[in-house]
Amino acid sequence: MKHIEKLAAIREAMKVQGIDGYIIPSSDPHISEYLPERYKCIAWASGFTGSAGTLAITQDFAGLWTDSRYFVQAAEQLAGTGFELVKLKAQGAAEYADWLGEQLSAGAKVAFDGNLASLLVAQSVQHTLEPLEIKVDGHIDLLSSLWEGRPELPKAQAYLLGENITGQSTVSKIEAVRAEMKKNRTEAHLISSLDDLAWLLNIRGQDVPCNPVVLGFVLITADKATLYIEPSKLTVQATEELKGYGVDVAAYEDIFETIPTLEVASILIDPKRTCFAVFDSVPKQVKIVERINPSTSLKAIKNKVEVENNRHTFVKDGVALTRFFKWLEENVSSGELSELSIAAKLRGFRESQEGFVDVSFTTIAGYLDHGALPHYSANEKSNYTLQPKGLLLVDSGGQYNTGTTDITRVVTLGALTQEEKEDYTLVLKGTIEGSQAIFPTGTRGYQIDAITRRPLWETLRNYGHGTGHGVGFFLNVHEGPQVFNAAAIDVAVEPGMITSIEPGLYRVGKHGIRIENLVLTRKAGSSEFGDFLDFETLTVCYIATDLIEKSLLDKKHIAWLNNYNQWVFDQLSIHLTAEEKNWLAEKCQAI
């Protein structure tokens, strides 16, 4: 069935059920960023494969609301589908609800599947439309009956990690969560988000591409913890081990029967990380306390074992990247390399490293103007062949059983322009400014964002995405609660957090530049003015210097860059062959 036929089928189903507007979010019952095949509803309905967006459908119009990262991709993928791109003014805003409010009359009905919408999204739709006398029903699934051959939920094996990897026992983590429940005066706590579940129980799986998580829920009370999971995913030994930690195992579907029959006075639920369908099934007599999952904040602070494991991981990743960029330089003139083939080759270099599990996201290999698409993903149709000219942006990462990496580098394949050099240097300047920041305890992410953007703002340049995101430990490559972006999110940057610093600059139709490292927040010292923090850079990969316009850098930027590249060489050289070592030494020469 073509996408335009699917849209017609959805509209017919809407007519039958008296629905005037239907919303399809990009999510699953766990409010995941990366989805199991069964829940890729937007891709099935419209053909759009980006990881952020919302479809809103009426009888007269069908639109995809998404942000600037996906404008070009969405315009291409939606062609001929009956869906049109609607450009979000603010990332993450429910602007489609405002649009529905303007289009529909009082008495109209808007619906969505509550398994695919977070409580936060559902509340936003309700608060926008119900005052306009538009009915909202969050319990209507129109897609299951239309989606022929819909994929089943994954059933790959899950496994438990030892304390030598995680640095903290499951028992200790559950105790820490119960302490937070007590502070919030709640008797129960439901965890739906897969990264929180994985961290809490020291469990990993293969249910979602790139993220080593397993589908499930955890319900914690004062004296009991239950993991709701497909039982076949766990060995008898793993089930017994969990039981020894005080964790019972129940069938995945049982959670949908357990929540409506809860016999507690109060429950703690994270509105951003819990689907509306589950939230709405909590008995009316149970008081719901809406707070961020305690585990989300606890896991953001990496312990000493996690930090040390990460350091070893970044060295392994740096070896793979060094071999990749050397190979790329030596083979680009062959005319046989493409965006897709180099991404596969990079994966191969990572796979040769001990402990490699998967990539942490689909590699972004953007050559020439494709580099100007921040979330570009090459396919057979768009795939450029590389030539010995122009800029290449490579944003990639690895999942190792000792950590998660995420790095972006830009290299020139030949024939640089002055504009490219200036753009590259100013982005690098931003990366250095962010990396060198010293700031008081209590600083928020938007303050780091502004510090990092300053060199670009000074020249009237800017970029449309955030400066940084939190990163998990052998978990999701995008994890909060901290972010470095312009939003006034009230989360302090704390010691132990690992966050990306990735300013960029994008000239549509020409080139894109982004230089990304991961940094660890640490204590910088104290004075009569209070306690201060700074960053330790964790990423171990040279930053290209042949693209630099040196006159745009101050002495402190040059010193940082030279020290960084020397440190990279010192970290990696003992793991390289003589030929690789000589090649890297040249790349790391001081400017």
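**Aromatic pairs, salt bridges and strand pairing in the predicted model**

By the ring criterion, the count comes to 19 aromatic pairs (rings of Phe, Tyr and Trp, the last by its six-membered ring, with centres within 6.5 Å; planes under 30 degrees apart count as stacked, over 60 as edge-to-face and the rest as tilted). F61 and W65 make up one such pair, an edge-to-face arrangement with 6.4 Å centre to centre and 80° between the planes. W65 counts as buried because its relative accessibility is 4% (buried means under 20% relative accessible area, exposed over 50% and partly exposed in between, with a 1.4 Å probe and protein chains only). Elsewhere, ring pairs link F324, F325, W327, Y542 and W583 into a cluster. An aromatic ring also meets a charge: the charged end of R453 sits over the ring of Y463, 3.8 Å from its centre (the criterion being NZ of Lys or CZ of Arg within 6 Å of the ring centre and within 35 degrees of the ring normal).

A word on the basis of these values is useful here. The model is predicted, so local features need pLDDT of at least 70 and side-chain atom pairs count only at pLDDT 80 or more, while totals for chains, interfaces and linings use all residues. Residues are numbered from 1 along each chain as its sequence is written, and side-chain values use heavy atoms, with hydrogens and water left out.

Turning to charged pairs, the count comes to 28 salt bridges (a side-chain nitrogen of Lys or Arg within 4 Å of a carboxyl oxygen of Asp or Glu). One of them joins D207 and K233, whose closest N and O atoms are 2.5 Å apart. D207 lies in the loop between β9 (203-204) and β10 (217-221) and K233 in the loop between β11 (225-228) and α9 (236-244), so this salt bridge ties together parts that are 26 residues apart in sequence (helices, H or I of at least four residues, and strands, E of at least two, are DSSP runs numbered from the N terminus). D207 is buried at 4% relative accessibility, and K233 is buried at 2%.

A salt bridge also forms between the side chains of E479 and K299, at 2.8 Å from N to O. This pair links distant parts of the chain, 180 residues apart, with E479 in the loop between β22 (468-469) and β23 (483-484) and K299 in helix α12 (residues 294-300). Both E479 and K299 are buried. In a further salt bridge, the side chains of D395 and R514 meet at 2.9 Å, N to O. D395 belongs to strand β17 (residues 391-396) and R514 to strand β26 (residues 511-514), so the pair ties together parts that are 119 residues apart in sequence. D395 and R514 are both buried. Salt bridges also connect E419, E422, D423, R461, R507 and K510 in a network.

The strand pairings come next. An open sheet of four strands follows the order β21-β28-β27-β24, with antiparallel pairing (two strands pair if DSSP finds at least two bridges between them). β21 (439-440) and β24 (498-501) stand at the edges with a single partner strand each, so one side of each is left without a neighbour in the sheet. β21 is joined by two bridges to strand β28 (residues 530-537), and the two run antiparallel. Here F439 stands opposite L533 in β28.

Parallel pairing is found as well. Strand β1 (residues 21-25) and strand β5 (residues 109-112) run parallel and are joined by three bridges, with I23 opposite F112 in β5. Three bridges also join β5 to strand β6 (residues 135-137), again in parallel, and A111 has D137 in β6 as its bridge partner. Between β5 and β6 the chain passes through helix α5 (residues 119-129), giving a right-handed β-α-β crossover (with the strands pointing away from the viewer, the path from the first strand over the helix to the second runs clockwise).

Helix α5 contains Q126, which is buried at 18% relative accessibility. Leaving aside neighbours within four places in sequence, Q126 is in contact with P131, V136 and F276 (contact meaning heavy atoms within 4.5 Å). Another glutamine, Q59, lies in the loop between β2 (54-57) and β3 (62-66) and is partly exposed, with a relative accessible area of 33%. With neighbours within four places set aside in the same way, Q59 is in contact with R11, M14, K15 and D20.
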